[in-house]
Amino acid sequence: VQLQASGGGLVQAGGSLTLSCAASGGSVRSNTIGWFRQAPGKEREFVAAFGWSGNTKYTDPVKGRFTISRDNAKNTVYLQMNSLKPEDTAVYYCAADRLKLTRNPTYEYWGQGTQVTVSS
């Protein structure tokens, strides 16, 4: 599975961005698709995931602000990010795995990152 992440950018605090993770060589319906982020000097951390069975999970700091969704026709998973905060600044990565949803960064396939910068 090849993954292409896009949609990052510079936004002011309180603003919104939508990240896209387009898959090829495999179906998002048969994979768990996760979003992770990594800030400078920090470890990669789990943000949200859409399981192949349709379940979703979020890390607590983004609950109520971020929404993950899946478009089977476009073979793409989205991360809608609202009420962005400076602490959301990071490189965001999407990843895919054929196994059930996990918060661990052990996914089999990874896309390139997309930078999200939130200014205060």
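These are legends for four close-up views of the side chains in a predicted model.

Some ground rules for every view: the model is predicted, so local features need pLDDT of at least 70 and side-chain atom pairs count only at pLDDT 80 or more, while totals for chains, interfaces and linings use all residues. Residues are numbered from 1 along each chain as its sequence is written, and side-chain values use heavy atoms, with hydrogens and water left out.

**View 1. F36 meets Y107 edge-to-face.** A search of the whole structure turns up four aromatic pairs (rings of Phe, Tyr and Trp, the last by its six-membered ring, with centres within 6.5 Å; planes under 30 degrees apart are stacked, over 60 edge-to-face, the rest tilted). In this one, F36 and Y107 sit 5.3 Å centre to centre, with 80° between the planes. The pair links distant parts of the chain, 71 residues apart: F36 is in strand β4 (residues 32-38), and Y107 is in the loop between β9 (90-97) and β10 (109-110) (strands are DSSP runs of E, at least two residues, numbered from the N terminus). F36 counts as buried because its relative accessibility is 0%, and Y107 is buried too, at 5% (buried is under 20% relative accessible area, exposed over 50%, partly exposed in between, with a 1.4 Å probe and protein chains only).

**View 2. W110 pairs with Y107 and has R44 over its face.** Y107 and W110 are edge-to-face, 6.4 Å centre to centre and 65° between the planes. W110 is partly exposed, at 29% relative accessibility. F36, F46, Y107 and W110 make up one aromatic cluster. R44 lies over the face of W110 at 4.8 Å from the ring centre, and also over the face of Y93, at 3.8 Å (the cut-offs: NZ of Lys or CZ of Arg within 6 Å of the ring centre and within 35 degrees of the ring normal).

**View 3. D88 and R37 share a salt bridge.** The whole structure has five salt bridges (a side-chain nitrogen of Lys or Arg within 4 Å of a carboxyl oxygen of Asp or Glu). Here the N to O distance is 2.9 Å. D88 lies in the loop between β8 (76-81) and β9, and R37 in strand β4, so the bridge ties together parts 51 residues apart in sequence. Both D88 and R37 are buried. A salt-bridge network links R37, E45, R65 and D88.

**View 4. R98 bridges to E108.** The closest N and O atoms of R98 and E108 are 2.9 Å apart. R98 is exposed, with a relative accessible area of 53%, whereas E108 is partly exposed at 40% relative accessibility.

Definitions and conventions:
Helices (H or I, at least four residues) and strands (E, at least two) are DSSP runs, numbered from the N terminus.
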